[in-house]
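Reader: I would like a close look at a single part of this protein, the largest pocket, and at what surrounds it. Please go through it step by step.

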Amino acid sequence: MIISLLGYMGSGKSHISKLLSSKLNFKLIDLDKEIIKRNNCSISEIFQKKGEVFFRKQEREALEEVLATEQNAILSLGGGTPVYYNNMDVINQNSISIYLSANIPTLTQRLYKQKDKRPLIANISDEALPEFIAKHLFERNPFYRKAQFMVSTDEKTPEEIVDEIIHLLPIR
């Protein structure tokens with residue numbers, strides 16, 4: 001079984017995937033890290049040197065490979081992964097998909113602290129960040145909502161989120 005965690009940046013995919021993989025004793029796979037390994041450079045460098053179209057093709061290839069070859073894994077997806085090609089269909093057909101949702105104030109609060117590590121928002125002023133997140137989330141939500149399950153991460157501890165996910169799974 002592969003459990004795919006999706007959601008907007010700052011929704012907690014990386015942190016929750018680590019805790020979930022540890023609790024279930026499943027392999028942890030971060031799709032962005034797979035792409036970094038394949039290209040031997042950072043996501044920012046890929047975007048700068050080869051562009052977003054190249055990145056999205058690499059992302060799709062890595063996604064298909066992981067879903068076809070892995071078992072008992074937690075797959076942490078990039079925030080944009082569900083939006084491109086028919087990635088959500090592929091994710092839903094080959095894994096249990098869980099949308100980690102968070103509201104705009106929660107995402108803004110988390111992302112203020114991470115702006116320098118996030119190429120998409122690095123050059124956006126603090127004042128403009130909530131509006132950027134709201135617009136972006138509005139565009140991506142139709143894709144995120146195709147997930148088989150949705151778990152809100154607002155005002156919950158990481159442990160509560162992990163327990164909620166485990167209760168959704170067809171294993172005990």
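Author: What follows describes the pocket and then the parts of the chain around it. The model is a predicted one.

The largest pocket has a volume of about 1200 Å³. Its lining is made up of 43 residues, and those nearest the centre of the pocket are Met-9, Asp-32, Gly-78, Gly-79 and Arg-118. By kind, the lining divides into 14 nonpolar, 14 polar and 15 charged residues.

Several elements contribute to this lining. At least two residues each come from α1 (13–24), β2 (27–30), α2 (31–39), α3 (43–69) and α6 (129–144). Helix α3 gives the largest share, seven residues.

Next comes a residue that carries a record. In UniProt, an unreviewed entry has the annotation "binding site" covering Ser-14. In the model, Ser-14 sits in helix α1. Ser-14 counts as partly exposed because its relative accessibility is 37%, and partly exposed is the range between 20% and 50%. Leaving out residues up to four places away in sequence, Ser-14 touches Asp-30 and Ser-76.

Helix α3 deserves a longer look, and two of its residues can be set side by side. Arg-60 is located in α3, and so is Lys-57. Arg-60 has a relative accessibility of 14%, so Arg-60 counts as buried; the limit for buried is under 20%. Lys-57, at 46%, is therefore partly exposed. Away from its neighbours up to four places off in sequence, Arg-60 touches Tyr-85, Asn-86, Asn-87 and Val-90. For Lys-57, the C-alpha atom is separated by 9.3 Å from that of Tyr-84, and the two residues are 27 apart along the chain.

Two of the residues that Arg-60 touches, Asn-87 and Val-90, are also among the buried residues of α4. The others listed as buried in α4 are Met-88, Ile-91 and Asn-92. The buried residues of α4 pack against β1, α3, β4 (96–101) and α6.

This leads to the nonpolar interior. The largest nonpolar core has 32 residues, and Tyr-8 and Leu-75 have the most contacts inside it. Two or more residues of this core come from each of β1 (2–6), α2, α3, β3 (73–76), α4 (87–94), α5 (104–112) and α6. As with the pocket lining, α3 supplies the largest share of the core, seven residues. Tyr-8 is in contact with Lys-13, Leu-107, Leu-111, Phe-132, Ile-133, His-136, Leu-137, Arg-140 and Tyr-144, with neighbours within four places in sequence left aside.

There is also a second, separate core of 16 residues, which includes Ile-16, Phe-26, Ile-161 and Ile-166. Two of these, Phe-26 and Ile-166, are in contact with Ile-171. Ile-171 lies in the segment after α7 (158–168). At 29% relative accessibility, Ile-171 is partly exposed. Beyond its neighbours within four places in sequence, the contacts of Ile-171 also include Met-1 and Leu-24. Ile-171 and Leu-24 are 147 residues apart along the chain, and their C-alpha atoms are separated by 10.0 Å.

To return to the starting point, α3 gives seven residues to the lining of the largest pocket, and α3 also holds Arg-60.

Note on methods. Residues numbered from 1 in each chain as written. Predicted model: local features only at pLDDT ≥ 70, side-chain atom pairs only at ≥ 80, totals over all residues. Heavy atoms only, no water. 1 Å grid on protein atoms, 1.4 Å probe; cavity = no way out; pocket = protein on both sides within 12 Å on 5 of 7 lines; lining within 4 Å. Points joined across faces, edges and corners; volume = space filled by probe spheres on them. Helix = DSSP H or I, 4+ residues; strand = E, 2+ residues; numbered from the N terminus. Nonpolar A, V, L, I, M, F, W, Y, C, P; charged D, E, K, R; others polar. UniProt positions renumbered as here; feature names shortened; annotations may be inferred. Buried < 20%, exposed > 50% of the residue type's maximum accessible area, 1.4 Å probe, protein only. Contact = heavy atoms within 4.5 Å. Core = buried A, V, L, I, M, F, W, Y, C linked by side-chain atoms within 4.5 Å.
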